[in-house]
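Visitor: I should like to examine a protein model with you, element by element. Please show the sequence and the coordinates before we begin.

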Amino acid sequence: GSEYFPNVELTNQDGQKLRFYDDVIKDKIVAINFIFTSCRSAKMCPASTACMKQLGDELAKDPKLKSVRLVTITFDPEVDSPGLLRSYAQGYGIDPARHRFLTGDPGQIKDLMRNFGILTVRDDGTIVHNAALIVVNAEGRIVQRREGASFDAADVAKTLAGLATGR
């Protein structure tokens, strides 16, 4: 529940304010990743976003999985405004009904990152970071964490489907 997740206020790619626990996590099955839009390392954020897009496409095949949500949080909130996140998502052809991109106050984003074990270092004009995909069940518990930027979208879709249909 909320003891695991700070209920920080974030803003989605449409400029709507959301509380992280109440509006994003609570009673929902969610897969979460962290990126920054200006990442130039093809194997990192662009790969991660491409995998999230594939994951959304996999989930879209089954109407029973309509309620499963995808969430991408920027760890460069000073740069990644809602408008920038929106155009970034559009560039990947991401479905905004399922997949939210979130930005917010830098201090609060740092709290979230700490919560999820995402570490960043500013170096030579870019951000060096680790990457993970975090799966949260409807009870608000982290049930799976996959280290690395890339993941097998079909496999993650199966995990999410299992949570959604109670298998």
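Guide: The questions that follow concern helices and two asparagine residues in this predicted model.

Visitor: Are the buried residues of helix 4 on the same side or on opposite sides of the helix?

Guide: Helix 4 spans residues 106-116, and its buried residues are Ile 109, Leu 112, Met 113 and Phe 116. Because these residues cover an arc of only 100° around the axis, they lie on the same side of helix 4.

Visitor: Which residues are exposed on the other side of helix 4?

Guide: An α-helix has 3.6 residues a turn, so residues three or four places apart point the same way. The other side of helix 4 carries the exposed residues Lys 110 and Arg 114.

Visitor: Which residue caps the N-terminal end of helix 4?

Guide: The cap involves the backbone nitrogen of Gly 107, with a side-chain oxygen 3.0 Å away. That oxygen belongs to the capping residue, Asp 105.

Visitor: What phi does Gly 117 take just after helix 4?

Guide: Gly 117 comes just after helix 4. Its phi is positive, at about 65°.

Visitor: Is helix 2 parallel or oblique to helix 5?

Guide: Two packed helices are described by the angle between their axes and the distance between the axes. The axes of helix 2 (residues 45-60) and helix 5 (residues 153-164) come within 9 Å and cross at roughly 50°. Angles under 35 degrees would count as roughly parallel and 65 to 115 as roughly perpendicular. The crossing angle therefore makes helix 2, relative to helix 5, oblique.

Visitor: Which residues of helix 5 make the contact with helix 2?

Guide: Helix 2 passes helix 5 in a right-handed crossing. Helix 2 contributes Cys 51, Gln 54, Leu 55, Glu 58 and Leu 59 to the contact. From helix 5 come Ala 153, Ala 154, Val 156, Ala 157 and Leu 160.

Visitor: With which side chain does the side chain of Asn 33 make a polar contact?

Guide: Asn 33 belongs to strand 3 (residues 30-35), and it is buried because its relative accessible area is 1%. Leaving aside neighbours within four places in sequence, its contacts include Ser 48, Met 52 and Leu 133. The polar contact, at 2.6 Å, is with the side chain of Thr 72.

Visitor: Which residue's backbone nitrogen lies 3.0 Å from a polar side-chain atom of Asn 137?

Guide: Asn 137 sits in the loop between strand 8 (132-136) and strand 9 (142-147). With a relative accessibility of 11%, Asn 137 counts as buried. The backbone nitrogen at 3.0 Å from its side chain is that of Glu 139.

How values were computed: Residues are numbered from 1 along each chain as its sequence is written. This is a predicted model: local features need pLDDT of at least 70, side-chain atom pairs count only at pLDDT 80 or more; totals for chains, interfaces and linings use all residues. Side-chain values use heavy atoms; hydrogens and water are left out. Buried means under 20% relative accessible area, exposed over 50%, partly exposed in between (1.4 Å probe, protein chains only). Helices (H or I, at least four residues) and strands (E, at least two) are DSSP runs, numbered from the N terminus. The arc is that of the directions from the helix axis to the C-beta atoms. A polar contact is a pair of N or O atoms within 3.5 Å; within protein, one must be able to donate a hydrogen and the other to accept it, and residues adjacent in sequence count only if both atoms are side-chain atoms. Axes are lines fitted to C-alpha atoms, for helices over the stretch in contact, and angles run from 0 to 180 degrees between N-to-C directions. Angles under 35 degrees count as roughly parallel, over 145 as roughly antiparallel, 65 to 115 as roughly perpendicular and the rest as oblique. A crossing is left-handed if the near helix is turned anticlockwise from the far one by less than a right angle, and right-handed if clockwise. Contact means heavy atoms within 4.5 Å.
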